[in-house]
Amino acid sequence: MIKDVSVIATAPAGSRLCVVKITTDQDGLYGYGCATFTQRADLVVPAVEKYLKPFLIGKPADRIDDTWQACYNSSYWRNGPVLNNAISGVDQALWDIKGRQAGLPVYQLLGGKCREAVDCYSHAAGAEIPQAIDSVRKLMADGFRHVRVQVGVPGMEGYGAGRGAAGVVGLHAGPVFEPAYYTRRVLKLFEECRKQLGDEVELLHDAHERVNPTQAVQFAKDLEKFKLFFLEDVLSPEDIDYFRAIRQQCATPLAMGELFNSPHEWTPLISGRLIDYIRIHVSQAGGLTPCRKIAAFGEIYNVRTAWHGPGDVSPIGHCANVTLDLTSYNFGIQEYSAFNSNLQEVFHGCPVMKNGYLYANEAPGWGIEIDEQAAAKFPFGAGGGRQGGDRSKLNGGWGEVRKRDGTIIKQ
Ligand code: GCO
Ligand code: MG
């Protein structure tokens, strides 16, 4: 039976991480779950403590799907980033508890391995093209077969790479981004990548919803000759109907999903075979329970998985990713971000990276123990966040980036 529900809020590597801890009435039996929404982390904490905790205490700890449905419906209004993350924390903690009780890693509860380890991609970037290519080479030397490569747009606030030269001045004082400069720049990047690195290395790119739908169609077509492993978020969730136009005009593999919180977003793309890789942030969709169903749904339409796995997923969340990756036949690739020493001081038992592969921890549950005293050493600061504006007061939220004429852009 669930005896207590609490939240561990910690930022060992800068990103605000939220982890839910569920304690049962059985001595020493507890579990952890990732509830990380780093841009609004302080809102997830009360969603758990004020709403899910009183709802869950006294309930059985061994009815995971039923508990998920009960939490999901308990707010009447549903499918939002804050509430889904809170539910995810509870959900993943219950899977951890069930694994600990069974003495098995969670992946064994989902039917065991479909592969020995999880092939991953890592991030290469540079403000200038030569730096970006060097960064790819370094990751290839570390054993990665798949590398995401991003390049800066001179003077502009690009995604995933430094700005480089002095800022382009717009009709406003803030950071500037112009999509057409970006697409031309990235085409040059991939031309150089293929010339210098050859065809063997699988290259990925994240457009981070920075171009308008018509540019997206053109961009995907122009990138086709560089044979990307996938092009990510070339459209915004609001524009997913344009995937049909891209599909009709080119064969560039398409990935989408980290911004999705609702079945209304992923169902039409998967059942319409309009994307090749589903990129959901597991806690944004509500946890392991809904995501194992999304993986199964994807298998029917041969849409492969590529779960979101950057630094704003806690090591518990990375274990959930690895669990889905090992147990889903339609695994595609896994995004990897390294666990630095501070993270490993707090989270003992992180998945292990070797030669571009992530290996699950074979211990029961997620196999992770959290040092809560160490976690307390890394409290959420007032600053952080990204891009634009006075970030010191944004609590992890993002500032603004605008076109030269002052129009705000999706970042
Ligand atoms: C990715 C993502 C991230 C997000 C970040 C938001 O593909 O890894 O696009 O870099 O921007 O997780 O907080
Ligand atoms: Mg992305």
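Is asparagine 302 buried or exposed in this structure? In the predicted model examined here, asparagine 302 has a relative accessible area of 52% and is therefore classed as exposed, since that class begins over 50%. This residue sits in the loop that connects α10 (288-300) with β10 (304-305), and its phi angle is near 50°, a positive value in a residue that is not glycine. A phi near 50° is also found at asparagine 395, again a positive value in a residue other than glycine. Asparagine 395 belongs to the segment that follows α13 (372-376), and with a relative accessibility of 37% it counts as partly exposed, because this value falls between the limits of 20% and 50%.

The setting of these two residues can be described through the fold as a whole. The protein contains 13 helices and 15 strands, and its C-alpha trace extends over about 60 × 45 × 40 Å along the principal axes. For a chain of 411 residues, a compact globule would be expected to have a radius of gyration near 22 Å, and the value of 21 Å computed for the protein agrees with this expectation. Of the 411 residues, 57% are buried. When contacts between residues at least 6 apart in sequence are considered, 68% of them join residues that are at least 24 apart.

The surface and the charges were examined next. The protein exposes about 16700 Å², and 51% of this area is supplied by carbon and sulfur atoms. Its side chains include 43 that are positive and 46 that are negative, and the centres of these two sets lie 3 Å apart.

The cysteines were then considered with regard to cross-links. A disulfide is a covalent bond that joins the sulfur atoms of two cysteines. With a pair of sulfur atoms required to lie within 2.5 Å, the count of disulfides in the model is 0. Cysteine 120 takes part in no disulfide, and the nearest cysteine sulfur, which belongs to cysteine 319, is 12 Å away. Cysteine 120 has a relative accessibility of 0% and therefore counts as buried. For cysteine 350, the closest cysteine sulfur is likewise that of cysteine 319, but the separation of 6.9 Å is too far for a bond. Cysteine 350 is also buried, because its relative accessible area of 8% is under the limit of 20%.

Key: Residues numbered from 1 in each chain as written. Chains lettered and ligands numbered in written order. Predicted model: local features only at pLDDT ≥ 70, side-chain atom pairs only at ≥ 80, totals over all residues. Heavy atoms only, no water. Helix = DSSP H or I, 4+ residues; strand = E, 2+ residues; numbered from the N terminus. Rg over C-alpha atoms; globule rule 2.2 N^0.38 Å. Buried < 20%, exposed > 50% of the residue type's maximum accessible area, 1.4 Å probe, protein only. Contact = heavy atoms within 4.5 Å. Areas by Shrake-Rupley, 256 points an atom, 1.4 Å probe, with all protein chains shown as cover. Lys, Arg positive; Asp, Glu negative; His and termini not counted. Charge placed at Lys NZ, Arg CZ, Asp CG, Glu CD.
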